[in-house]
Amino acid sequence: MEIDSTQDATNGRMPTVEAGQPVDDDEDLDHIFDDMDEDETSAPAHNPWRPVHAPLDVHNVNLSDYGGDNSLKLKLFYRHFFPMKQYIDWLNYDTVSDSKLSASDIKLSKTFMNREFCFTLMDDTYIRFQSYKTVDEFRQELTRLNPAKIDLGAIYNIRPRDKASVHASAFKPMSKELVFDVDMTDYDDIRTCCSGGDVCMKCWEFMTVAMKIVDSALKDDFGFKNLLWVYSGRRGVHCWVGDERARQLNNEQRKAIVAYLDVTKGGERQGKTVKLPNNLHPSVRRSYEIIDEHFKNIVFNSQDILRDPTHWEKILTLIPDETVQQTARVEWEADPDREPSDKWEDLRGFVRKAIATPSKRNLLEHVLRDIMFQYTYPRLDEKVSTNINHLLKSPFCVHPKTGRVCVPIEIENCEKFDPTEAPTTETLINELNQYDTDHPGSNLQDWEKTSLASYVKVFEAFVKGNVKSIRSTKQAKAEPTLEF
Ligand SMILES: [Zn+2]
């Protein structure tokens with residue numbers, strides 16, 4: 001369930017728990033982990049990042065014995081696979097910690113300590129305004145609560161847990177990553193392969209186009225360098241812009257960036273037709289090239305939009321000319337099996353003929369280009385981006401419905417990312433078991449022994465980029481402010 005950050009914890013839609021209040025745990029499962037706390041002190045000193053609670057019996061856990069019990073999976077995930085060091089380095093922002101340091105020796109930065117964490121538990125309880133002063137405190141909380149979802153909020157002027165100690169107006173969000181959220185449900189009016197929470201590689205191409213367009217606009221037009229794309233675990237993607245400059249943006253500046261990206265001006269939503277200027281701005285032209293690369297495959301092959309009258313009518317209604325509409329209709333009804341890409345070429349011909357009449361030129365000249373934008377230009381969930389204290393699901397959560405880990409997506413290879421292949425806790429446990437059978441005595445961390453390793457590498461590169469960005473900002477103190 002989406003949480004609106006403007007809601008206070010006391011009037012949220014779900015019951016809330018105050019900081020530090022005990023949360024019911026699953027008693028039946030707890031005995032499995034009784035031994036783990038004893039392992040805390042026996043973790044080998046040469047690998048300080050081994051999980052605090054390292055249940056040696058992870059290899060003997062048979063998940064099928066627990067049916068669909070997600071709480072066990074979450075317990076195993078946070079203890080064995082959550083990349084804690086990289087995660088702390090990310091949210092610390094100013095340094096990449098020495099991998100030989102033990103967790104307890106890593107100091108948290110003010111950026112980390114003043115960050116709002118919001119945890120959603122298995123029973124849908126959510127706990128807002130959590131914050132941590134030490135790594136141990138954070139780790140213990142994570143492995144105690146085993147949240148079904150971690151949302152990250154803003155970095156405040158004081159620690160979020162202390163917010164009750166000051167007047168409401170004195171508790172202020174100071175910074176946060178610039179974030180974007182693209183969800184497949186916003187494409188449901190044109191998606192024909194799946195609906196609701198389902199995705200497949202056919203409709204996933206909408207996300208690929210969205211990632212490519214937003215990524216290149218943020219980098220080429222705004223000069224941002226450190227972007228992390230993350231699979232939302234079900235049917236969408238999130239983008240985190242970690243550059244210092246992006247984190248300092250106020251709400252007005254965030255709105256300006258979103259408005260800049262919203263070239264279709266909300267027209268993609270049903271009922272409104274996209275009408276772009278005749279001469280495209282260079283950045284929109286760049287988006288058009290990306291759209292052009294994918295449009296035919298998505299719309300004709302994957303979504304089969306011009307295959308039958310129900311779908312081709314949706315396209316025809318976007319053409320503001322009765323003659324073109326009627327000509328196409330008659331032609332296609334006479335030969336409905338004509339290939340969709342040929343039907344598109346038919347349309348191109350009918351439009352060309354129509355614009356020979358000067359009065360129709362302005363209205364129709366770029367109508368097919370605008371339809372391409374209407375169908376494939378990214379549909380952003382604006383409110384996520386424009387409000388500094390809006391919550392967004394953290395990378396490396398496990399989606400409770402799909403069981404899939406919210407893994408980073410390498411933008412250079414985003415076309416190859418297959419959401420249905422993203423790792424789940426089960427696949428990670430199997431991979432871990434297989435690795436340990438093949439390599440007894442290995443001292444790698446558990447996630448390193450699994451397919452999660454390649455995703456953590458993508459994350460590490462992002463984290464290092466952020467540190468570099470902070471150093472260069474410090475060097476060039478007189479950096480000019482963003483202009484829009
Ligand atoms: Zn699909």
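Okay, Gly153 to begin with: this residue sits in strand E3, residues 149-156. Strands here are DSSP E runs of at least two residues, helices are H or I runs of at least four, and both are numbered from the N terminus. What we have is a predicted model, so local features need pLDDT of at least 70, side-chain atom pairs count only at pLDDT 80 or more, and totals for chains, interfaces and linings use all residues. Numbering runs from 1 along each chain as its sequence is written.

Is Gly153 buried or exposed? Buried, because 23 other C-beta atoms lie within 10 Å. The cut-offs are 20 or more such atoms within 10 Å for buried, 12 or fewer for exposed, and partly exposed in between, with C-beta atoms placed from the backbone. Arg128 is 25 residues away along the chain, and its C-alpha is 9.1 Å from that of Gly153.

Zooming out, the protein has 18 helices and 9 strands, and 40% of its 484 residues count as buried.

Now the core. The largest nonpolar one has 110 residues, and Ala210, Val214, Val230, Val237 and Cys239 have the most contacts inside it. By nonpolar core I mean buried Ala, Val, Leu, Ile, Met, Phe, Trp, Tyr and Cys residues joined through C-beta atoms within 7 Å. Helix H7, residues 201-221, gives the most to this core, 11 residues. Domain 1 (27-257 + 384-475) and domain 2 (264-376) both contribute residues, so the core lies between them; those bounds come from an automatic or database domain assignment.

Staying with H7: this helix packs against H10, residues 282-302, at about 175°, with the axes 10 Å apart. Axes are lines fitted to C-alpha atoms over the stretch in contact, and angles run from 0 to 180 degrees between N-to-C directions. That makes the pair roughly antiparallel, which is the word for angles over 145 degrees. The contact residues split into 8 nonpolar, 7 polar and 5 charged. Nonpolar here is Ala, Val, Leu, Ile, Met, Phe, Trp, Tyr, Cys and Pro, charged is Asp, Glu, Lys and Arg, and the others, Gly among them, are polar. Contact itself means C-beta atoms, placed from the backbone, within 7 Å.

Last stop, H4, residues 84-92. How many of its residues are buried? 9 of 9, including Lys85 and Asp89. The cover includes helices H5, H6 and H18, plus strand E1. Just after H4, Tyr93 takes a positive phi of about 70°.

Terms used: Parallel < 35°, antiparallel > 145°, perpendicular 65-115°, else oblique. Contact = placed C-beta atoms within 7 Å.
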